[in-house]
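Here's a quick briefing to read alongside the model. Keep the structure open and find each residue as you go.

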Amino acid sequence: MMNFTVTGRHLVVSDAVHEQVQKKLSHLHRLLNDSAISAQCVISQQRQLFTCELTLHARGDHMLVGVGKHTRAASAVAAAAAKVEQQALRLSDRWKTRRKDAGRPVRDLAPADDQAPEAQTRVIRSRRYAVKPMSVDDAVLALSKGDQTFLVFRDASSES
């Protein structure tokens, strides 16, 4: 079982709220397949609004954080737990798909012998550029005054 703490900031957390936090965290613990390491719940009150900050640490340095605000402490805990539950569902789904993909063989991307390479080749956009022999200084000047993002040229000094 994971270890969790419930802290009241400027208030005393009642046993009913503590039990509700424990119930919500046990549900999250089952949802994450026992990979939850620890959880912290901080409940605070400002005027008539309770704020619950729920942080759950899962394996692999995953931090799931939910903040719930309501006029009742129990509803604030439920709202924070719902947000963490959404993140836990996403994380567990990611773990499941990675396990499925790990057993799958990698597809060979090389073209098969019976298919012609022309059928697989697809040109998106093509332009022809004049390759002019010029010095590096001339190429820098042409780039600086033109609206081109690149320039293809042949080095005049080495003709390469």
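What follows is a short tour, from the overall layout down to single residues.

This is a predicted model, so keep in mind that local features need pLDDT of at least 70 and side-chain atom pairs count only at pLDDT 80 or more, while totals for chains, interfaces and linings use all residues. Residues are numbered from 1 along each chain as its sequence is written, and side-chain values use heavy atoms, with hydrogens and water left out.

**The big picture**

- The protein has 4 helices and 6 strands; helices (H or I, at least four residues) and strands (E, at least two) are DSSP runs, numbered from the N terminus.
- Going along the sequence, you'll meet them in the pattern β-α-β-β-β-α-α-β-α-β.
- Of the 160 residues in the protein, 26% are buried. Buried means under 20% relative accessible area, exposed means over 50%, and partly exposed is in between (1.4 Å probe, protein chains only).
- About 12,100 Å² of the protein is exposed, and carbon and sulfur atoms supply 50% of that. Accessible areas come from the Shrake-Rupley method with a 1.4 Å probe; for residues, only the protein chains shown count as cover.
- Take the contacts (heavy atoms within 4.5 Å) between residues at least 6 apart in sequence: 43% of them join residues at least 24 apart.

**Helix α1**

- Helix α1 covers residues 15-31, which is 17 residues, and spans 24 Å from its first C-alpha to its last, close to the 24 Å expected at 1.5 Å a residue. That expected span is 1.5 Å times one less than the number of residues.
- Its buried residues are Val17, Gln20, Val21, Leu25, Ser26, Leu28 and His29.
- An α-helix has 3.6 residues a turn, so residues three or four places apart point the same way.

**Phenylalanine 4 and its neighbours**

- Phenylalanine 4 belongs to strand β1 and is partly exposed, at 25% relative accessible area.
- Set aside neighbours within four places in sequence, and phenylalanine 4 touches His18, Gln22, Leu25 and Ala39.
- Phenylalanine 4 and serine 38 are 34 residues apart in sequence, yet 5.5 Å apart in space, C-alpha to C-alpha.

**Backbone oddities**

- Most residues other than glycine have a negative phi, and most peptide bonds are trans.
- Histidine 10 isn't a glycine, but its phi is positive, about 65°. You'll find histidine 10 in the loop between β1 (3-9) and α1, and it is exposed at 79% relative accessible area.
- Arginine 47 also isn't a glycine, and its phi is positive, near 55°. Arginine 47 sits in the loop between β2 (36-46) and β3 (49-58) and is exposed, with 77% relative accessibility.
- Asparagine 33, just after α1, has a positive phi of about 55°.

**Cysteines and rings**

- The whole structure holds 0 disulfides, a disulfide being a pair of cysteine sulfur atoms within 2.5 Å.
- Why don't cysteine 41 and cysteine 52 form a bond? The sulfur of cysteine 41 is 3.4 Å from the one in cysteine 52, its closest cysteine sulfur, and that is too far.
- Cysteine 41 is buried, with a relative accessible area of 1%, and cysteine 52 is buried with 1% as well.
- The charged end of arginine 59 sits over the ring of tryptophan 95, 4.0 Å from its centre. That label needs NZ of Lys or CZ of Arg within 6 Å of the ring centre and within 35 degrees of the ring normal.
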